[in-house]
Amino acid sequence: RVVGSGANITDSFVNTTGSDQTATYTVTPTYGGCAGSTQTIVITVHPEPVITAGLTQTICSGGTTNRSITTTNVPALVGATFTYAAPVNTGGMTGGTARVVGSGANITDSFVNTTGSDQTATYTVLPTYGGCTGSTRTIVITVHPEPVLTVGMATTLCSGVAANYAITTTNVPALVGTTYTWAAPVNTGGMTGGTARVVGSGANI
């Protein structure tokens, strides 16, 4: 402040380090043209936690995330906590929960994606450290779809005739490249035939 004033000090500071920092003012008082002795005024600034940009994870439908939330502060902020609303899911995918009480724990939500393509869950995360909040960042979880077999598939054929039955899924759009495995069939009445498929394939039965 180069022009004397009796107003308060109203400066703001940005501290993205990993520890408290200080701003020291050396203040000269003046009254009636006479200067007094200088004194220092020290402002201590707690750090704001800065979430690492671009945090992501990819899982399969039905799986559980284990996405740690990290910060870029140096030294590391021990005790930073994070809150977020329920994620925004694409494509009708379900799953994901809010965290309303701050915690440093990983994101460990589960999702179900029965569509025909990858879907995403986007969290908007707010970091807090020492009573100070940082800026929100997004964390994106990509969820691969799980293939869903069509219910009630069945066919009828004559003894001695080879089956040629297509296996289908209900995913939309259709999942190109889905493979299937199975154990040898359970036959009734002493009937023989049928084999296991131990190596996945999209071929008909």
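1. Let's start with isoleucine 59, which counts as buried because its relative accessibility is 8%. "Buried" here means under 20% relative accessible area, "exposed" means over 50%, and "partly exposed" is in between (1.4 Å probe, protein chains only). Isoleucine 59 sits in strand 5, and strands are DSSP runs of E with at least two residues, while helices are runs of H or I with at least four, numbered from the N terminus. Leaving aside neighbours within four places in sequence, isoleucine 59 is in contact with Thr64, Thr65, Phe111, Ile141, Thr142, Val143 and His144; contact means heavy atoms within 4.5 Å. Its C-alpha atom is 9.3 Å from that of proline 145, although the two are 86 residues apart along the chain.

2. A quick word on what you're looking at: this is a predicted model, where local features need pLDDT of at least 70, side-chain atom pairs count only at pLDDT 80 or more, and totals for chains, interfaces and linings use all residues. Residues are numbered from 1 along each chain as its sequence is written, and side-chain values use heavy atoms, with hydrogens and water left out.

3. Now for the largest nonpolar core, which has 17 residues. A nonpolar core is a set of buried Ala, Val, Leu, Ile, Met, Phe, Trp, Tyr and Cys residues joined through side-chain atoms within 4.5 Å. Ile69, Phe111, Tyr123, Val125, Ile139 and Ile141 touch the most other members. The elements giving two or more residues to this core are strand 6 (81-84), strand 11 (119-129) and strand 13 (137-144). Take valine 125 as a sample: not counting residues up to four places away in sequence, valine 125 touches Ile51, Ile69, Phe82, Thr83, Tyr84, Ser135, Thr136, Arg137 and Ile139.

4. Proline 127 is also worth a look, in strand 11. Proline 127 counts as buried, at 0% relative accessibility. Beyond its neighbours within four places in sequence, proline 127 is in contact with Pro49, Ile51, Thr81, Phe82, Cys132, Thr133, Gly134 and Ser135. The C-alpha atoms of proline 127 and glycine 102 are 8.4 Å apart, with their positions 25 residues apart along the chain.

5. Next, the cysteines. A disulfide is a covalent bond between the sulfur atoms of two cysteines. The rule used here asks for a pair of cysteine sulfur atoms within 2.5 Å, and by this rule the count is zero. Cysteine 132 is partly exposed, at 23% relative accessibility, whereas cysteine 158 is exposed, at 55%.

6. Check the cis peptide bonds too. One runs from valine 74 to proline 75, with omega near -5°, and proline 75 lies in the loop between strand 5 (56-60) and strand 6. Another joins valine 172 and proline 173, with omega about -5°; proline 173 is in the loop between strand 13 and strand 14 (180-182).

7. Stay with valine 172 for a moment, in the loop between strand 13 and strand 14. Valine 172 counts as exposed because its relative accessibility is 64%. Not counting residues up to four places away in sequence, valine 172 touches Thr115 and Gly116. Valine 172 and threonine 115 are 57 residues apart in sequence and 5.3 Å apart in space, C-alpha to C-alpha.

8. Last stop, the surface: isoleucine 41 lies in strand 4 (residues 39-45) and counts as partly exposed, at 36% relative accessibility.
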